[in-house]
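Hello, and thanks for taking a look at this one with me. Below are some numbered notes to help you find your way around.

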Amino acid sequence: MARKDVVDDLCARIVGGEFWLVLGPKYSGRSTLLIAVESKLRTVEGEWPLVVKPTDVDLTGDRRFFASLATHLERELRRANLWWSEAVQVGSYRISENADGFNVFLNNLLENSRRRIVLMFDSIERVPPNI
């Protein structure tokens, strides 16, 4: 299968609501694939893809991971002019406490979003213990 076909197939599946995990050894093209998928999804009406890199989040513990992920999401949504400060307020959900707080934040975000948010995590080989 050609690279373009793989990207097109993966994008179609993501738009269709499927979840995917791309595994492969270092230097096998995982990051390149995510960048290509992100680029393709940006052309799809109603989709908003975001590649999250290890440097974008704090992986030293659950609380820090969720707080940094929410902060990163807010920053990128603001940069894309897709943030509405009155509808979703990061601090009010105590997202730094645990996964449940982050889920409240994320559910509120998704319910009020004008687009579907597609998160893609790149090269994050370990996550905090309780995720």
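1. Let us begin with a helix: how many residues does H4 have, and how far does H4 reach from its first C-alpha to its last? H4 has 14 residues and reaches 20 Å between those two atoms, close to the 20 Å expected at 1.5 Å a residue. Please keep in mind throughout that this is a predicted model.

2. Now for the overall plan. The protein has 4 helices and 2 strands, and from the N terminus on they follow the order α-α-β-α-α-β. Of its 131 residues, 37% are buried. Among contacts with a separation of 6 or more, 67% join residues 24 or more positions apart. The accessible surface is about 8300 Å², and carbon and sulfur atoms account for 51% of that.

3. Back to H4, and to its two sides. Gly101, Phe102, Phe105, Leu106, Asn108 and Leu109 are the ones to look for, since these residues of H4 are buried. They cover an arc of only 160° around the axis, so they sit on the same side of H4. Asp100 and Glu111, on the other side of H4, are exposed. As for partners, the buried residues of H4 pack against H3 and strand E2, which spans 116-121.

4. The largest nonpolar core is a good place to linger. There are 17 residues in this core, and Trp48, Leu73, Phe102 and Leu109 touch the most other members. At least two residues each come from strand E1 (47-52), helix H3 (62-79) and helix H4 (99-112). The largest share, 6 residues, is supplied by H3. As general background, nonpolar side chains tend to be buried together in soluble globular proteins.

5. Which residues does Leu73 touch, not counting residues up to four places away in sequence? Leu73 touches Trp48, Leu50, Phe102, Phe105, Leu106, Leu109, Ile117 and Leu119. Apart from this core lies another one, of 12 residues, and its members include Cys11, Leu33, Leu34 and Val118.

6. Two residues are handy for seeing how H3 and H4 sit with respect to each other. Ala70 is in helix H3 and counts as buried because its relative accessibility is 0%. Ala70 and Phe105 are 35 residues apart in sequence, while their C-alpha atoms are 7.9 Å apart in space. Leu109 belongs to helix H4 and is buried as well, with a relative accessible area of 0%. Between the C-alpha atoms of Leu109 and Glu74 there are 9.5 Å, and the two residues are 35 residues apart along the chain.

7. If you enjoy aromatic residues, there is 1 aromatic pair to find. The ring centres of Phe65 and Phe66 are 5.3 Å apart and the planes meet at 75°, so this pair is edge-to-face. Are these two rings' residues, Phe65 and Phe66, buried or exposed? Both Phe65 and Phe66 are buried.

8. Helix H2 deserves a visit too. H2 covers residues 30-41, has 12 residues and reaches 16 Å from its first C-alpha to its last, close to the 16 Å expected at 1.5 Å a residue. Its buried residues are Leu33, Leu34, Ala36, Val37, Glu38 and Leu41. What covers the buried residues of H2 includes helix H1 (3-15), E1 and E2.

9. From H2 we can step across to Met120, which is found in strand E2. Met120 has a relative accessible area of 7% and is therefore buried. Leaving aside neighbours within four places in sequence, Met120 is in contact with Leu34, Val37, Glu38, Pro49, Leu50, Val51 and Val52. The C-alpha atoms of Met120 and Pro49 are separated by 7.4 Å, although these residues are 71 residues apart along the chain.

10. Finally, have a look at Tyr27, in the loop between H1 and H2. Tyr27 is not a glycine, yet it has a positive phi of about 65°. Why does Tyr27 count as exposed? Its relative accessibility is 84%, and exposed means over 50%.

Terms used. Residues are numbered from 1 along each chain as its sequence is written. This is a predicted model: local features need pLDDT of at least 70, side-chain atom pairs count only at pLDDT 80 or more; totals for chains, interfaces and linings use all residues. Side-chain values use heavy atoms; hydrogens and water are left out. A nonpolar core is a set of buried Ala, Val, Leu, Ile, Met, Phe, Trp, Tyr and Cys residues joined through side-chain atoms within 4.5 Å. Buried means under 20% relative accessible area, exposed over 50%, partly exposed in between (1.4 Å probe, protein chains only). Contact means heavy atoms within 4.5 Å. Rings of Phe, Tyr and Trp (its six-membered ring) pair if their centres lie within 6.5 Å; planes under 30 degrees apart count as stacked, over 60 as edge-to-face and the rest as tilted. The expected span of a helix is 1.5 Å times one less than its number of residues. The arc is that of the directions from the helix axis to the C-beta atoms. Accessible areas come from the Shrake-Rupley method with a 1.4 Å probe; for residues, only the protein chains shown count as cover.
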